[in-house]
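Here is a short report on how the parts of one protein chain meet. Keep the structure in view as you read.

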Amino acid sequence: AALLLALQVRLVMKAYSFIRENVPRVLSSAKDKSGTVHIPRISQYLYFLFAPTLIYRDNYPRNPTIRWGYVATKFAQVLGSLFYAYYIFVRLCIPQFRNSSQETFNLRGLVLCIFNSILPGVLILFLAFFAFLHCWLNAFAEMLRFADRMFYK
């Protein structure tokens, strides 16, 4: 459910950016009574939907080729991050709660379990951010030949 919500928020943000960039252009050409109205092509919009950016432009800088080794490395890093997060979860988080489930409930035990799981939880969170924001998005940027990796600077 959280993944679906995140995807919907991303699509709403991209739609807002698309509308914000194109509506003023269309309105100004209608106001000037000029004969040509520049409407983006479907291919430009589809590229924007998959490009790792939230700011719509008609054209983005593009690399001439795709470095498939780089793509494979990034996807391997995503896979490695997932396995490492699984390892941390199985070795450090699950035993804490498994031991507490066999005892009678007490507040002290629950607080100790939570505090013993904070560091592994933060490590898993960092791995998730690294896997998605760095590896996954860079892999797709490379496959789309999106050249401007410093777009937001």
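## Two domains

How many Å separate the centres of domain 1 and domain 2? Taken over C-alpha atoms, the centres lie 31 Å apart. This is a predicted model. The domain assignment splits the protein chain into domain 1 (1-60) and domain 2 (61-152). Domain 1 puts 9 residues into the contact, and domain 2 puts in 9 residues.

## The interface

About 890 Å² is buried between domain 1 and domain 2. Carbon and sulfur atoms give 74% of that area. On the domain 1 side, look for Tyr-47, Pro-52 and Tyr-60. These residues supply 67% of the area that domain 1 buries against domain 2, more than any other three residues.

What kinds of residue does domain 1 use to touch domain 2? The touching side of domain 1 has 7 nonpolar residues, 2 polar and no charged. Between the two domains there are 0 salt bridges. Polar contact does occur across the interface, in 3 residue pairs.

## A shared core

The largest nonpolar core has 8 residues in all. Its members are Tyr-47, Phe-48, Ala-51, Tyr-56, Tyr-60, Ala-141, Leu-144 and Phe-146. Domain 1 and domain 2 each give at least three residues to this core. In soluble globular proteins, nonpolar side chains tend to be buried together.

Now follow Tyr-47, one of the core residues. Leaving out residues up to four places away in sequence, Tyr-47 touches Tyr-60, Arg-62, Leu-144, Arg-145 and Phe-146.

Technical notes
Residues are numbered from 1 along each chain as its sequence is written. This is a predicted model: local features need pLDDT of at least 70, side-chain atom pairs count only at pLDDT 80 or more; totals for chains, interfaces and linings use all residues. Side-chain values use heavy atoms; hydrogens and water are left out. Domain bounds come from an automatic or database domain assignment. Contact means heavy atoms within 4.5 Å. Buried area is the accessible area (1.4 Å probe) that two parts lose on being put together, summed over both. A salt bridge is a side-chain nitrogen of Lys or Arg within 4 Å of a carboxyl oxygen of Asp or Glu. A polar contact is a pair of N or O atoms within 3.5 Å; within protein, one must be able to donate a hydrogen and the other to accept it, and residues adjacent in sequence count only if both atoms are side-chain atoms. Ala, Val, Leu, Ile, Met, Phe, Trp, Tyr, Cys and Pro count as nonpolar, Asp, Glu, Lys and Arg as charged, and the others, Gly among them, as polar. A nonpolar core is a set of buried Ala, Val, Leu, Ile, Met, Phe, Trp, Tyr and Cys residues joined through side-chain atoms within 4.5 Å. Buried means under 20% relative accessible area, exposed over 50%, partly exposed in between (1.4 Å probe, protein chains only).
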